[in-house]
Amino acid sequence: MLKHITLSGAAALGLLLSGAAFAQDDVTADTVVVTVGETEITLGEMIIARSQLPPQYAQLPDDVLFTGIVDQLVQQQLLADAAESVPPRIDFTLQNERRSLLAGETINKLVEDAVTDEAVNSAYEERFADMEEVPEYNAAHLLVETEEEAAAAKARIDEGEEFADVARDVSTGPTGPNGGDLGWFAPGAMVPEFEEAVNTLEKDEVTEPFETQFGWHVAKLRDKRIQEKPTLDAVRQELTGEIQEAAVTAYLEDLEADTTVVRPEEGAFDPAVLNNLGLLDQQTE
């Protein structure tokens, strides 16, 4: 990793010389930037190293990063060349990395082809074209411990006091200080007894006292509306993810159907064998 990136005078001179050696039109990913013994390190390798740096390095000037990455790769190559042997775990790691990178390339191409405006629009219509009308309620309530207290509060409201004022005065619930305001909520958001009581009201009507597991309530329906269908933009990301997942799943199913895959029989391996890191460095014939 790049722990200390500095640009010495000699390094800066080297950078200028290397820049002078190649016209921009001649530079490719295969252009050799530095050699370490017999090993050539290309610009492509440096670009990959740059892309894998933590985000904080993006704040550094390009010339500092260039020199730092050269130093990093040179040091890594020197240390790699000094290794007396290649442990088997290196080969296993490289095999996994190659498999993962190639799988990622396949998935990227697959989802890019799958997610089109037509596909997203079709998924949106399928999801919401026949969407049922779902009511939403805007209500307030007051909560007290006994039926008598609830009846007394209801009487005050019936006599003309504002519901919010009574709620602030007597409610023991967390919404009491703001007049019992519950805001907008959809079916299922409240306990059944509360939802049933509110559902019977017309706008601005107040319930009789009713009981739930929390205590005794009096509720007022402030307004009622039909839940609006979400816009395409609001659900585009969700639909895109579903299309991508469906495309990958279907493609994998097709691939596996056309490929002979032999999975281990149940009990063939002790699952705990995955914890045995010592197996990685055992030489095999």
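The following paragraphs describe a sheet and two helices that lie across it in a predicted model.

The sheet is open and consists of 4 strands, arranged in the order β4-β3-β6-β5 with antiparallel pairing. The edge positions are taken by β4 (181-185) and β5 (210-212), each of which has a single partner strand, so that one side of each remains without a neighbour in the sheet. Averaged over the sheet and with direction ignored, neighbouring strands are turned by 40° against each other. At the β5 edge, pairing with strand β6 (residues 215-226) is antiparallel and extends over 3 bridges; phenylalanine 210 has histidine 217 in β6 as its bridge partner.

Two helices are placed against strands of this sheet. Helix α6 lies across β3 (135-144) and β6, with a direction at about 45° to β6, while α7 likewise lies across β3 and β6 but is described relative to β3, to which it runs at about 45°.

The two helices also pack against one another: α6 (residues 147-158) and α7 (residues 163-170) meet at an angle of about 150°, and their axes are 9 Å apart. Because angles over 145 degrees count as roughly antiparallel, α6 is roughly antiparallel to α7. The crossing of α6 and α7 is right-handed. On the α6 side the contact involves Ala153, Arg156 and Ile157, which meet Phe163, Val166, Asp169 and Val170 of α7. Classified by residue type, this contact of α6 with α7 comprises 5 nonpolar and 2 charged residues, with no polar residues.

Terms used: Residues numbered from 1 in each chain as written. Predicted model: local features only at pLDDT ≥ 70, side-chain atom pairs only at ≥ 80, totals over all residues. Heavy atoms only, no water. Axes fitted to C-alpha atoms, helices over the stretch in contact; angles between N-to-C directions. Parallel < 35°, antiparallel > 145°, perpendicular 65-115°, else oblique. Left-handed = near helix turned anticlockwise from the far one by under 90°. Contact = heavy atoms within 4.5 Å. Nonpolar A, V, L, I, M, F, W, Y, C, P; charged D, E, K, R; others polar. Pairing = 2+ DSSP bridges.
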